[in-house]
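User: Please take a close look at the aromatic rings in this model, at how they pair and at what sits over their faces, and then place them in the wider chain.

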Amino acid sequence: MSNPLALAVLASLAERPMYPYEITTTLRERGKDDSIRLNFGSLYSVIKSLEKHGFITPSHSEREGNRPERVVYEITEAGKVEAAAWLRELLAVPSKEYPDVEAGLSLIAMLSPEEVAALLRARLASLDAEIRTRDAGLTGAAAAGLPEIFLVEADYRLAMLRAERAWIDRFAARLEAGEVGGQDGWAEMARLRAAGASPEEIEEVVRRHLPADPTP
């Protein structure tokens, strides 16, 4: 199991037996959809997988009026053990993540340094707006008396946004000042590409600006 939604289902059922729609509603009411991708369609696949592995089991069925019968699930002892072990691993062991911005940064040579700097400045404006919104939300929740334990993931997300903002700001400033290592060659490639240069001409620029053995 690797889908965080599966862990959220186990955590929900560890509180009490629920039917699938109730699980989704409870998670959304608690704001967990800001940290875990909730999709009602994929929820049923997750539930079937958890049941197949013996981590949850049908408890009973319910019917209200003329509505279709719904199955209520409960967590098994094996499910409790799995959920606790999985949560401990998530908290203790760093894992490789693949943020979209990291993918974009790995491919910036497709654009010119000037355009990348401008795009990063635009990203900073969006980050500033999100930081203000999340900061106000946290402040309001704390002022309303919501215990900090229920806000830790929001506080973590805000800290990550601030860290990203600081890095993007520094990197954009260095690009604008022409201080990024290899920027001259990158700019030359961008100019050649814009002028319709051949792949061979661009490759020659790469060879001139890279060491013979680029491996660290």
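Analyst: The aromatic rings come first, and the chain as a whole follows.

This is a predicted model, in which local features need pLDDT of at least 70, side-chain atom pairs count only at pLDDT 80 or more, and totals for chains, interfaces and linings use all residues. Residues are numbered from 1 along each chain as its sequence is written, and side-chain values use heavy atoms, with hydrogens and water left out.

Rings of Phe, Tyr and Trp (for Trp, its six-membered ring) pair if their centres lie within 6.5 Å, and planes under 30 degrees apart count as stacked, over 60 as edge-to-face and the rest as tilted. By this rule the count comes to 1 aromatic pair. The rings of W167 and F171 have centres 5.0 Å apart and planes at 15 degrees, so this pair is stacked. Both residues belong to helix α7 (residues 152–176), where a spacing of 4 residues separates W167 and F171 by about one helical turn; helices (H or I, at least four residues) and strands (E, at least two) are DSSP runs, numbered from the N terminus. With a relative accessible area of 38%, W167 is partly exposed, whereas F171, at 11%, counts as buried; buried means under 20% relative accessible area, exposed over 50% and partly exposed in between, with a 1.4 Å probe and protein chains only.

Two tyrosine rings have a charge over them, a term that requires NZ of Lys or CZ of Arg within 6 Å of the ring centre and within 35 degrees of the ring normal. The charged end of R70 sits over the ring of Y19, at 3.8 Å from its centre, and K96 lies over the face of Y98, 5.2 Å from the ring centre.

As for the wider setting, the protein chain has 9 helices and 2 strands, and from the N terminus on its elements run α-α-α-β-β-α-α-α-α-α-α. The radius of gyration of the protein chain, taken over C-alpha atoms, is 25 Å, well over the 17 Å that the globule rule (2.2 Å times the number of residues to the power 0.38) gives for 216 residues, so the chain is more spread out than a compact globule. Its C-alpha atoms fill a box of roughly 70 × 45 × 40 Å along the principal axes, and 28% of the 216 residues count as buried. The domain assignment, with bounds from an automatic or database source, gives domain 1 (4–92) and domain 2 (100–180), and the C-alpha centres of domain 1 and domain 2 lie 32 Å apart.
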